[in-house]
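Biologist: I'm just starting out with structures, and I'd like a close look at a single spot. Please pick one buried side chain, show me what sits around it, and then work outwards from there.

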Amino acid sequence: MGNPDGLTVEAARLIESASFVAGAARVLASVEGLLGGDCTVFESFDSEKIAEAMEGEVFKIARHPFHFCVVFSGDAGFFSGAGKLSSILCRFGWNVKIVPGLSSAQVLASRLGVDWSGWSLVSAHGVDCDISAEIAHSKTAFFLTGGKITASTIFDFVFENRIPCRFVAADRLSYADESLVDLLLDFGEGKGNRAFLEDAALSKKKLDGMKLACVLVDRSPFRSEIPAEARPAFPDSLFARKLGGGSDRLVPMTKRMVRSSILSLLSVADGETVWDVGCGTGAVSMDIAASAKCHVFSVEAQEEAFELEKENRRIFGAWNVDLLLGTAPDALVSLPPPDAVFVGGSGGRLAEILFIAFRKNEGARVLVASVTVETFSLCVEVARKLGLSLEVTQLSVSSSACFGELHLMKAENPVSLFLLRKAR
């Protein structure tokens, strides 16, 4: 940590006897009392500049043996610049020894009196990351912040999406002026509670002042476990499908066996952006969101189905799904370029949807589902007109159903899946 009280005895001894010490201004200030009178100090957090300074300084050192120290905050093996610097110095022929210190995750866990073995550790310190995907795929996500992503932006995402969790943010952890925000956000009970909202508003003001905080989003107190046998596609029975107002009518949904094939054909990877166009209840969106640390944008034109998708997102904790009520292709114009697209319903405007998708990313993978002869013909025609390569998979699924003591096979409607890409 930045506080010198957190240094190991070995690290403090090496700094005291060093001929040259480098590091960021904030870290150098914390070890100032350990520096010798004839020690050269170089202020920088840039590994390449530090290595260059060490190469130039080594010829000025009169006394032997000597050693140089570079001081980093936190643990040298925990999203630290020590790894990059070490590789540069090794190429220059330096003998490098890394002396670890306390990480912010260790210190925060100690402050809270909890075990941190199950935390998912994420660096958002000067780098971008998809906080929605990290939260959706973790019981407990620990973020190092700084730069574009701060404690305040993570809190905004959690609060706006009503994600039940324990939210903890710690600024200047281990220093005398350490600041801690610890909130239990139970939106089920607190949503309309004035005291709850006032407490959140006061905490938000405190969070706005945090620049290099570490943040913990712990969903484990509220998270319902999805059974292991539910993968790779969730059972149909887990989804909300009934409309509100006492209606028994079910919104149509892509069935589990078909969704398994969709997952296989699209092969979504971590970090990718996915569109689900005409998403209905959101069953495909939920499966895609759970299959990788991706970001899914789900577009639905029918308000009733849109409300069901919001409920299904809550059920599965698919916080990396953004929901959009609108009609394609108009609703797609403002979306980021997709790596993969699933079209469950096109409203007869398939050509326009494909045009926008490939205009935004020529390398996109687009999968179109067809249950009618007309859509089948349209897919073939549009692929030809737009110069797309075409792979077709047709699924005919039958499942057993009980009739008294007998088991009969009950057939679902055949589904054709068209995988479209720009022709090479």
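Modeller: Let's start with one serine and the fold around it, then visit some other parts of the chain.

Keep in mind that this is a predicted model. Our spot is Ser 132, which is found in helix H6, residues 131-136. Is Ser 132 buried or exposed? Its relative accessibility is just 2%, and anything under 20% counts as buried, so Ser 132 is buried.

Now for its company. The side chain of Ser 132 makes a polar contact with the side chain of Asp 130, at 2.4 Å. What else does Ser 132 touch, if we skip its neighbours within four places in sequence? That leaves Phe 157, His 295, Trp 319 and Asn 320, and Ser 132 is in contact with each of these.

Next, see how H6 fits into the path of the chain. Strand E4 (residues 120-123) pairs with strand E5 (residues 140-144) in the parallel sense, over 4 bridges. One place to see the pairing is Val 122, which stands opposite Phe 143 in E5. To get from E4 to E5 the chain goes through H6, and this β-α-β crossover is right-handed. So our serine sits on the helix of that crossover, as you can see by combining its place in H6 with the path from E4 to E5.

There's another parallel arrangement to look at. An open sheet of 3 strands runs in the order E2-E1-E3, with parallel pairing. Its edge strands are E2 (40-43) and E3 (68-71), each of which pairs on one side only. From one strand to the next, the twist averages 15°. Between E1 (residues 20-23) and E3 there are 4 bridges, again in the parallel sense, and here Phe 20 stands opposite Phe 68 in E3.

E3 also brings us to a cysteine, Cys 69, which counts as buried because its relative accessibility is 10%. Does that make you wonder about disulfides? How many are there in the structure? The count is 0. For Cys 69, the closest cysteine sulfur belongs to Cys 39, and it is 8.0 Å away, which is too far for a bond. A disulfide would need the two sulfurs within 2.5 Å. Cys 165 is in a similar spot: the closest cysteine sulfur, in Cys 214, is 15 Å from its own, also too far for a bond. Cys 165 is buried too, at 0% relative accessibility.

Now move on to two helices with buried residues. An α-helix has 3.6 residues a turn, so residues three or four places apart point the same way. Keep that in mind for helix H13 (residues 350-360), where Leu 350, Ile 353, Leu 354, Ile 356, Ala 357 and Phe 358 are buried. What covers them includes helix H14 (373-386) and several strands, among them E9 (273-277) and E17 (415-422). In helix H10 (residues 256-266), the buried residues are Val 258, Arg 259, Ser 261, Ile 262, Leu 263 and Leu 266. Their cover includes helix H11 (283-291) along with E12, E13, E14 and E17. Right after H10 comes Ser 267, with a positive phi near 50°.

A few loops have backbone quirks worth finding. Arg 172 has a positive phi of about 50° even though it isn't a glycine, and Arg 172 is in the loop between E6 (165-171) and E7 (179-185). Ser 174 lies in the loop between E6 and E7 as well, with a positive phi near 90°. Arg 172 is partly exposed, at 35% relative accessibility, whereas Ser 174 is buried, at 15%. Then look at Pro 329, in the loop between E11 (321-325) and E12: the peptide bond from Ala 328 to Pro 329 is cis, with omega near 10°.

Finally, step back to the whole chain. It has 14 helices and 17 strands, and its C-alpha trace spans about 90 × 55 × 45 Å along the principal axes. Of its 424 residues, 46% count as buried, and our Ser 132 is buried as well.

Notes: Residues are numbered from 1 along each chain as its sequence is written. This is a predicted model: local features need pLDDT of at least 70, side-chain atom pairs count only at pLDDT 80 or more; totals for chains, interfaces and linings use all residues. Side-chain values use heavy atoms; hydrogens and water are left out. Buried means under 20% relative accessible area, exposed over 50%, partly exposed in between (1.4 Å probe, protein chains only). Helices (H or I, at least four residues) and strands (E, at least two) are DSSP runs, numbered from the N terminus. Contact means heavy atoms within 4.5 Å. Two strands pair if DSSP finds at least two bridges between them. Axes are lines fitted to C-alpha atoms, for helices over the stretch in contact, and angles run from 0 to 180 degrees between N-to-C directions. A polar contact is a pair of N or O atoms within 3.5 Å; within protein, one must be able to donate a hydrogen and the other to accept it, and residues adjacent in sequence count only if both atoms are side-chain atoms. A crossover is right-handed if, with the strands pointing away from the viewer, the path from the first strand over the helix to the second runs clockwise.
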